[in-house]
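Colleague: Please take me through one part of this model in detail. I'd like a single connected walk, with your cut-offs as you go.

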Amino acid sequence: MYSIGLNPRLYKYMEPTLMPNGTEMVSAYCRFPDVRTSACMRLGREGKSSNAAALQRGCPTLGHGWVLDVAVENVPRARLVRRARRLRARWKRAPQATSAAAAPPPTQPLQGTNASAVRGLDVDVIVLMLDSISMRRFAHGMPITHALLEQWAGADGSSPWRSFRFDKFAVVGSNSPRNQLPLMSGYTSLEWARDHGGLALDCIVPGFPEVRAPRSHVCQRWVFDDYKAAGYVTLFGTNMCDWGVMEEVYPFDTHHPPTDHHLMEPWCHVDYDVDKLYFRPMSRCLGGRPAHAPLMHYERQFARNYAHVRTLQWTIYLEGHEPSFRSMGQLDADLAAHLLRLRADHAERTAVLLLSDHGIHYGRYYDGAKAGPQEHTLPLFYALLPRSLLAQRPALKAALCMNQRRLVSPFDVHATLRHILVYPDTPKLPDWSIATYPLRPRSLLEPIPAERTCVEAGVPPDVCPCQQQ
């Protein structure tokens, strides 16, 4: 049996079948009458309290084995390619503000810009977010990927990518909305603004989650909008059944998605998405594959299908969002292989930000170990840039090397993403001079002062790593 997209209608599979144009996901239920599903076998072995919701469902008997699997396929759209080429040509001809929502007319260039200069770094951008993984936990829990990134940090030039590790990347709040909204928009959550006097994203629907936005709700404050205006095709994906923190702005079936392509549907099935509390799904497998495999496959297809235009990918993996620290190990080898494939095909034209929004903030380790709260405040953050680009721009390389030892925050990562579009000119950012909080976002592509304080970086005192240490 199979279904198309999230349509609940089931079809009986009899022979090879042509899918409707534009179909990007098919769910299949395959029956293996003499075999238990891998999900049930795994839950039966673990049998721990954190899997309570899954254990209450129970496992099917040996005589019943319907297994959910999914097939995903990124389908390129010719209109997106045409739009990207048109906007990219306009972007290169006429300097303009990086914000799609607040751009002046093309005849009014940004102050201080050189219209004859090449605008920006002219690279594809991939943001890989591993939710709830600290820098220290990443080194211990994902040793293969960690070793790969450390190897690429060398100056010998053996890899087309140079990696930069930012050890003082600090959270600006306790949870994902407080950290990811600044990353994606440069603005804060409603709670952060209430507590600290910041600039909240004005698209958020007050009263969430009891109150949800209508399907017609529009928001043009995201970094995705800036990249679209610069001629990029955009993608958002996560192995969870919603828009991530953007669900505070969009319902799942919004008429105005923030990106050109998105993928969340495979993880909406009841077999997988049952216990949303701390992201403990029914299974971490889809068929015989890890649940993250379809998302990685879709990412690589997207990069290949749009190889002739500029692209921005933003994907979020939830394996780290559980307190035993075991699930991230299942992601390790596949993530390393994923990076190697991306490097082989796209390294010379692609910048990668591999980061987390925060370390774990619940469970026995966080509650009982002194290092628990410290790890929460210092999440994972690596940046990978083409060595050929760094060779052409020595000031860029020098700034990145220096900033590895500087205090940086999600606000700075957002500034960096915007700076990529206009470098070496100054990016247009939200105007924090009108807020009571004295935030000063800084791009990692320029030197950050050594004496910078947590307040200037937007890091509240209760999560400031300097004060904790």
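Modeller: Let's start with helix α9 (residues 293-305), which lies across β4 (124-130), β6, β7 and β10 (310-317), contact being heavy atoms within 4.5 Å. Helices (H or I, at least four residues) and strands (E, at least two) are DSSP runs numbered from the N terminus. Against β10, α9 runs at about 175°; axes are fitted to C-alpha atoms, for helices over the stretch in contact, with angles from 0 to 180 degrees between N-to-C directions. This is a predicted model, with pLDDT of at least 70 asked of local features and 80 or more of side-chain atom pairs, while totals for chains, interfaces and linings use all residues. Numbering starts from 1 along each chain as its sequence is written, and side-chain values use heavy atoms, leaving out hydrogens and water.

The strands under α9 belong to an open, mixed sheet of 7, ordered β5-β12-β11-β4-β10-β6-β7, where pairing takes at least two DSSP bridges. β5 (161-165) and β7 are its edges, each pairing on one side only, and the twist averages 10° from one strand to the next. At the β7 edge, β6 (residues 232-238) pairs in parallel with β7 over 3 bridges, and F236 has H262 of β7 as its bridge partner.

H262 also takes us to the second largest pocket: with G5, G22, E24 and E265, H262 is among the closest to its centre of the 20 lining residues. Strand β7 (residues 261-263) gives the largest share of that lining, 3 residues. The pocket holds about 390 Å³, the space filled by probe spheres set on grid points joined across faces, edges and corners. A pocket here is an open set of points on a 1 Å grid over the protein atoms alone, where a 1.4 Å probe fits, with protein on both sides within 12 Å along at least five of seven lines; lining residues have an atom within 4 Å of a point.
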